[in-house]
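Student: Could you give me a close look at the interior here? One connected account, please, with the cut-offs stated.

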Amino acid sequence: MSKPNDLVQGTLDLLLLKILALEPLHGWAISLRLKSISGDVLQVSEGSLYPALHKLEQEGWITAEWKQTENNRRAKFYSLTYLGKKQLESEAANWQRLSSAISRVIRLEEA
Amino acid sequence: MRPQHWLYTIPLRLRSLFRRRNVEQELSEELQFHLEHKIEEGTARGLSPEEARYAALRSMGGLEQRKEEIRDMRHIRWLTDFFDDARFALRSLRRTPGLTVFVVITLALGIGMTSATFSMVDGLIFRPYPVPHPGNVVSLVSTTHDSPFDRFSYREYLDIRDKTNSYAGVVANAGMEAVGFSAEPGTTPRIKGGMMVSGNYFQVLGVEPRLGRGFREDEDQVPGRNPVVVLGPDFWRHEFAGDESVLSKTILLNGTKFTVIGVAPDSFPGMLTFGHPDFYMPLAMARVFSTNIQMNFFEDRDDRELRVMARLKPGVTLEQARNELAVLAKNFEREYPNANRSRSAAVYTQFQARTIEDDNWKFGVIFVILALAVLLVACTNVAGLLLSRARSRAREIAVRLALGAGRTRLIRLLLTESMILATLGGLAGIAIGYGIIEWFRSKDSIVFLTELPMAVPFHMDKRVLLSCVALSVLSALLCGLAPALQSTRVDLVNALKSADVDVPGRKRLLGRNVLVVAQVSMSLMLLTASFLMARGFQHSLMEGTGFRKDHLLMTSFDPRLIQYNAAQTQQFYKLLAERMRETPGVQSEALTQNVPLGNDDFDGVAFVPDGFQMPPDRANFNSTMDTIDEGYFATMGIPILRGRAFLSSDTADSPRVAIVNEHFAKHYWPAGDAVGKHIHLDSSAGTPVEIVGVSQTIKNQNMESPTDFVYMPLAQHPVARMALMLRSGGDPLQLVQPVKDVVRTLDLNLPMLQTRSYEDLFLNQAVRGPLIAIDLVGSMGLAGLLLAVAGLYGLMAYNVSRRTREIGIRIALGAASSNVLRLVLGKGLVLVGIGTVVGLAMGFALEQLMNSMLFDSGGVDILAYAVVVPTMFLVTMLAAYIPARRATKIAPTQALRYE
């Protein structure tokens with residue numbers, strides 16, 4: 001059993017929350033969407049995706065519902081909750097702060 | 001997490017727990033959905049369906065593991081695992097019912113015995129007083145050279161109460177004694193147990209009466225003024241059927257009217273270990289119950305009848321209280337040199353008080369040690385069995401390990417099994433323990449041969465139950481941990497290769513060997529202990545008592561019960577003796593204050609023998625004594641070795657005389673003759689008493705070593721309570737009616753107490769009582785032996801089955817049966833031998849412990865070992881032999897085919 005390391009897990013949560021903020025999706029669709037939006041840069045393995053989704057569900061940030069897809073198959077659709085929206089905002093803000101700080105350090109010219 | 005979070009997540013977690021199948025199904029479905037899409041994507045990219053499926057499965061890295069990870073996220077893993085393990089364990093236990101039942105029974109035996117004996121130790125030592133905050137209740141005692149646990153006199157109690165600062169309250173109580181009780185005037189009084197207590201007793205101890213009130217301080221102030229009584233809870237229920245109108249009722253105690261002012265609550269059966277007083281009276285009423293006619297209870301500082309207890313003030317340490325009391329005792333010594341020479345005082349905690357006062361607790365401790373040994377044998381048995389089982393499941397365990405189960409996880413699984421076994425064993429153990437305790441309590445009529453309300457203080461109460469639970473958990477760990485640890489340390493390759501490979505690595509077998517040795521040695525120790533105990537009791541039994549026990553009727557009287565004064569009492573006994581002598585069928589009569597080997601305490605006498613210079617630190621010597629009449633020695637068949645017995649000429653007006661036993665005579669005048677010498681009462685200036693005879697030393701108080709003894713004539717040393725002993729030609733009980741007739745002519749109302757044949761009393765004291773202890777220890781020894789034998793047999797049988805193939809090959813290659821026997825037995829013999837040696841050492845240590853604690857049989861009892869060791873050896877060898885013999889009968893062809 002591999003436990004995803006903290007940093008990766010943290011950003012994955014953020015990504016998933018953001019994707020679900022746009023519209024409710026099932027697991028497969030989420031992985032496709034992530035791949036396409038990031039231009040194939042971000043590819044999440046099933047081993048990380050589903051545990052992450054279930055963790056978000058445990059925390060109460062997303063909720064799940066079994067619905068029919070366009071092809072009339074049953075799938076578990078996840079959507080963002082009110083608590084999740086708040087969490088998304090705070091995590092997004094954190095990410096902004098963190099990334100700008102890192103960028104500032106990277107851009108330092110050598111003296 | 002914020003509160004709203006909890007509200008949302010709890011239902012989710014609960015759902016995970018309770019609707020697991022549903023949730024599991026959903027998870028499978030979700031992952032299946034994902035898999036199908038992945039395969040579609042693969043085929044869309046141009047792979048064939050099989051290739052696509054293969055690729056998808058590979059990339060999803062195994063569905064099961066994904067599921068495991070997700071399940072992990074649900075935070076209730078440990079609980080679901082536990083249920084899984086429990087179900088699995090129950091299934092596998094059900095598959096081997098014989099083994100399961102055997103294990104549960106052995107554990108139940110061990111746990112039951114240990115908790116029953118623990119209840120003894122608890123009742124005798126540890127159980128706290130039945131009052132609020134029992135921790136700060138201490139006992140105050142008077143101490144001398146000879147006795148670390150003496151009582152105080154009334155005056156001393158008052159001084160302690162008023163002149164100390166360490167206590168929030170100081171109470172006193174006399175011992176529980178026989179009181180003649182009548183609910184209505186005119187009815188014959190019956191004997192009940194009453195206890196005199198100080199006025200502040202209930203208040204300081206914090207006992208809230210169930211009805212009415214306790215005593216007030218002023219009710220205990222003036223002697224004889226307030227005849228009030230508080231009833232004990234059981235007595236109230238028996239005598240008055242729990243009727244609440246008993247308050248303000250008048251009852252007769254020893255012929256005096258007393259008013260009932262209260263009833264003690266059920267939670268307070270009394271502060272005594274064995275006795276539950278029927279009622280309580282104020283100390284001020286002592287004249288009605290006075291035990292000793294000659295002394296003035298309220299004035300004599302020498303009349304020591306009171307036990308004193310106190311509550312420590314908050315903030316005061318035991319040390320401070322002790323020092324303060326020691327100083328006060330020194331003051332007593334100074335101010336009252338006659339009464340308090342070389343007397344000090346001490347403060348004891350409950351534990352000290354219970355362990356110093358008498359020796360009963362020591363038996364309890366020995367029993368606990370023995371019971372623990374039984375439990376240990378049971379546990380080693382079970383551990384051995386579980387180890388064998390684990391070994392046969394080696395393959396299954398190896399597979400699990402190979403599939404990725406964590407070692408801890410597997411250990412938990414195996415431990416769950418032993419936990420379930422231990423729980424079942426514990427439950428059954430509670431039943432067994434309860435049975436043992438009840439059996440013991442049913443014997444209380446044998447243990448206490450008296451009219452007083454005594455009870456055996458062993459209960460299956462919640463403390464004992466808790467000990468049961470703790471023991472179960474402990475045994476679960478003990479039995480299960482070693483096998484669990486060892487079997488998960490499996491060499492995967494070997495285990496998977498073939499089903500029954502038992503590579504006899506040395507480290508592997510060490511565990512089992514240790515178990516066998518432990519079993520044999522514990523068992524040996526148990527057997528030795530039972531044997532020693534049995535011998536110890538028997539020894540003292542066989543040793544003769546020194547007097548005749550046959551054809552004797554005994555019955556006791558206490559004229560104080562009908563308010564006779566001293567003169568009337570003396571007259572009564574004089575007439576009784578005369579008339580009984582003349583009664584047909586009576587060969588001889590005797591009056592004695594205390595029957596030899598009876599339950600009552602003998603009086604003591606303080607004296608200074610002729611020609612002795614007392615050292616500065618003590619005023620006198622002490623000896624136990626008895627008050628008798630002229631017929632005593634003849635009736636009891638005790639020879640007078642020198643001098644004479646008492647005569648009717650020894651009256652209150654003639655010079656004081658006494659008779660001593662030979663032990664006493666040799667003690668003080670080893671060279672000369674005691675006859676003609678004097679002893680001076682209390683001090684060298686005290687009343688001289690001439691020794692007129694030396695009697696043979698008999699067993700007076702117990703069957704142990706004899707002690708000094710002094711006899712005084714009733715005419716010169718009047719005592720209220722006396723026992724009448726009659727020797728008859730035939731059945732002593734035939735004399736009961738004649739005695740009743742004579743007593744009736746003297747006084748209609750006087751009850752006859754404890755009427756029985758002396759032989760009956762003796763059998764009870766010397767035989768039936770000790771038999772109870774022997775039964776208990778014997779059954780423990782037997783249990784230990786049976787368990788060890790079963791364990792050894794199991795081990796041998798298992799070894800043989802493991803090595804069947806090897807043995808088959810050996811036989812095929814030409815080994816004779818004797819060779820095979822030697823092969824199999826050899827190891828067993830060595831183990832039994834080691835176990836015997838260890839067991840001998842432990843038994844020896846235990847014997848020394850028993851000698852120091854219980855009865856000193858002196859040195860080492862060789863016979864015990866001479867019997868026990870060979871028996872043990874024989875029995876265990878038999879247990880080992882049977883499977884070994886079966887090994888020789890193994891048909892090689894069958895063995896080689898064995899898988």
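Tutor: What follows starts with the conventions, goes through the interior, and ends with some single residues. This is a predicted model, in which local features need pLDDT of at least 70, side-chain atom pairs count only at pLDDT 80 or more, and totals for chains, interfaces and linings use all residues. Residues are numbered from 1 along each chain as its sequence is written, while chains are lettered from A and ligands numbered from 1 in the order in which they are written.

Start with the core. A nonpolar core is a set of buried Ala, Val, Leu, Ile, Met, Phe, Trp, Tyr and Cys residues joined through C-beta atoms within 7 Å. Buried means 20 or more other C-beta atoms within 10 Å of a residue's own; exposed means 12 or fewer; partly exposed is in between, with C-beta atoms placed from the backbone. The largest nonpolar core holds 91 residues. Those with the most contacts inside it are B:Leu107, B:Leu370, B:Val374, B:Ala378, B:Val382, B:Leu526 and B:Met780. Helix 14 of chain B, residues 360-392, gives the most to this core: 20 residues. Helices (H or I, at least four residues) and strands (E, at least two) are DSSP runs, numbered from the N terminus.

Take B:Leu107. Contact requires C-beta atoms, placed from the backbone, within 7 Å. Leaving aside neighbours within four places in sequence, B:Leu107 is in contact with B:Ala378, B:Val382, B:Leu421, B:Ala422, B:Gly425, B:Gly429 and B:Ser475.

B:Leu107 also takes part in a helix pair. Helix 6 (residues 97-126) and helix 18 (residues 462-488), both of chain B, pack at an angle of about 145 degrees. Their axes are 9 Å apart. Axes are lines fitted to C-alpha atoms, for helices over the stretch in contact, and angles run from 0 to 180 degrees between N-to-C directions. The crossing of helix 6 and helix 18 of chain B is right-handed. A crossing is right-handed if the near helix is turned clockwise from the far one by less than a right angle, left-handed if anticlockwise. From helix 6 of chain B come B:Leu107, B:Ile111, B:Thr114, B:Ser115, B:Phe118, B:Ser119 and B:Asp122. They meet B:Arg463, B:Val464, B:Ser467, B:Cys468, B:Leu471, B:Ser472 and B:Ser475 in helix 18 of chain B. The residues of this contact divide into 6 nonpolar, 6 polar and 2 charged. Here Ala, Val, Leu, Ile, Met, Phe, Trp, Tyr, Cys and Pro count as nonpolar, Asp, Glu, Lys and Arg as charged, and the others, Gly among them, as polar.

Now helix 20 of chain B. It contains B:Leu515. B:Leu515 counts as buried because it has 24 C-beta neighbours inside 10 Å. Residues up to four places away aside, B:Leu515 touches B:Thr380, B:Ala383 and B:Gly384.

Next, the second region. Apart from the largest core lies another core, of 62 residues, among them B:Met195, B:Leu231, B:Phe235 and B:Val347. B:Phe235 recurs in helix 9 (residues 233-240) of chain B, whose buried residues are B:Pro233, B:Phe235 and B:Trp236. Seen down the axis of helix 9 of chain B, these fall within an arc of 160 degrees, so they line one face of the helix. The arc is that of the directions from the helix axis to the C-beta atoms. Their cover includes strand 5 (190-197), strand 7 (228-231), strand 9 (256-263) and strand 10 (279-282) of chain B.

Helix 9 of chain B is followed by B:Ala241, whose phi is positive, near 50 degrees. Most residues other than glycine have a negative phi. B:Ser248 has a positive phi too, about 70 degrees. B:Ser248 lies in the loop between helix 9 and strand 8 (250-253) of chain B. B:Ser248 is exposed, with 9 other C-beta atoms within 10 Å.

One more buried residue in chain B: B:Arg307, in strand 11 (residues 304-312). B:Arg307 counts as buried, with 24 C-beta neighbours inside 10 Å. Neighbours within four places aside, B:Arg307 is in contact with B:Arg151, B:Ala172 and B:Asn173.

Last, a residue of chain A. A:Trp28 is in helix 2 (residues 27-37) of chain A. A:Trp28 is buried, with 21 other C-beta atoms within 10 Å. Beyond four places in sequence, A:Trp28 is in contact with B:Phe33, B:His34 and B:His37. Of the 111 residues of chain A, 26% count as buried.

Conventions
Two residues are in contact if their C-beta atoms, placed from the backbone, lie within 7 Å.
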